[in-house]
Amino acid sequence: MEDVVVVQRLVGAVAPVIRRRRALFYGLRGAFYGSVLALLPLLARGILGPIAPLIAGALVGVGAAAGAAAGYLLRIPLSDAARLVDRAFCLRDRTATALEWGSRAERGPLVAALIEDATSRLQGLNPSGAVPRRWPLEGKLIPVPALLAMALLLAPPIPVPSGAFPARRSPSEEE
């Protein structure tokens, strides 16, 4: 049973790396959606005045922070981390199988050999190499709302209609 704890500890070392990569992934997503929402106060700059760019910047920051927090707080099951380690280091399901069979009460000599093999292969591996960096599609599209925001900042504010209807004159007043 002690060997399984070693495998769990080695696979558990991958969890912080997964959290950081997920935080980056979802942080970029949140920054994109925040920058799209930031276009609204820039469009309403005539109403909001000089505070509009501050609101827009806050929306981008809140979107990025919320996305990063959501990505960081996602649950990471140990079995998923084990499959990720297996896939990244071409271990052919040794780690996931060792965790699954090691948690059972009945263990034969084959299970002991499987756990020992997984432990020996995992000990020399770098956990940060197990998780590839992925960039969301939204991360690649961030320049689009950023360019639109720059154009809205450089353009004059959109005039706001007064909201009152023009005064109607009767035909006798016009004469």
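Colleague: Why are H6 and H7 called roughly antiparallel to each other?

Modeller: Helix H6 covers residues 78-88 and helix H7 residues 94-102, and their axes cross at roughly 150°. Angles over 145 degrees count as roughly antiparallel (under 35 is roughly parallel, 65 to 115 roughly perpendicular, the rest oblique), so H6 and H7 earn the description. The axes are lines fitted to C-alpha atoms over the stretch in contact, with angles from 0 to 180 degrees between N-to-C directions. Helices here are DSSP runs (H or I, at least four residues), numbered from the N terminus.

This is a predicted model, in which local features need pLDDT of at least 70 and side-chain atom pairs pLDDT 80 or more, while totals for chains, interfaces and linings use all residues. Residues are numbered from 1 along each chain, and side-chain values use heavy atoms, without hydrogens or water.

Colleague: What makes the contact between H6 and H7?

Modeller: From H6 come Leu-78, Ala-82, Arg-83, Val-85 and Asp-86, and from H7 come Arg-94, Thr-95, Ala-96 and Leu-99. Contact means heavy atoms within 4.5 Å. The two helix axes come within 7 Å.

Colleague: How do you know that Arg-83 and Asp-80 meet in a salt bridge?

Modeller: Their N to O distance is 2.7 Å. The term asks for a side-chain nitrogen of Lys or Arg within 4 Å of a carboxyl oxygen of Asp or Glu, so this pair qualifies. Both residues sit in H6, 3 residues apart, about one turn of the helix.

Colleague: Why is Arg-83 called partly exposed?

Modeller: Its relative accessible area is 42%. Buried means under 20%, exposed over 50% and partly exposed in between (1.4 Å probe, protein chains only), so Arg-83 falls in the middle class. Asp-80, at 39%, is partly exposed too. In contrast, Ala-81, Ala-82, Leu-84, Val-85 and Asp-86 are the buried residues of H6.

Colleague: Which parts does the pair of Arg-29 and Glu-138 tie together?

Modeller: Arg-29 lies in helix H2 (residues 15-37) and Glu-138 in helix H9 (residues 137-140), so the pair joins parts that are 109 residues apart in sequence. The two side chains meet in a salt bridge at 3.2 Å, N to O. Arg-29 is partly exposed at 30%, whereas Glu-138 is buried at 12%.

Colleague: What links Arg-94, Asp-117 and Arg-121?

Modeller: A network of salt bridges connects these residues. Within this network, the closest N and O atoms of Asp-117 and Arg-94 are 2.7 Å apart. That pair links distant parts of the chain, with Asp-117 in helix H8 (residues 109-122) and Arg-94 in helix H7, 23 residues apart. Asp-117 is partly exposed, at 25% relative accessibility. The structure holds 4 salt bridges.

Colleague: What makes up the nonpolar patch on the surface?

Modeller: Ile-47, Leu-48, Ile-51, Leu-54, Ile-55 and Val-160 form the patch, with about 540 Å² of accessible area together. Members need over 30% relative accessible area and no salt bridge; nonpolar side chains (Val, Leu, Ile, Met, Phe, Trp, Tyr) are joined within 5 Å, and like charges within 9 Å. Areas come from the Shrake-Rupley method with a 1.4 Å probe, and only the protein chains shown count as cover for residues. Ile-55 has 32%, so this residue passes the over 30% cut-off. Helix H4 (45-48) and helix H5 (52-73) each supply at least two residues of the patch, and Ile-55 is in H5.
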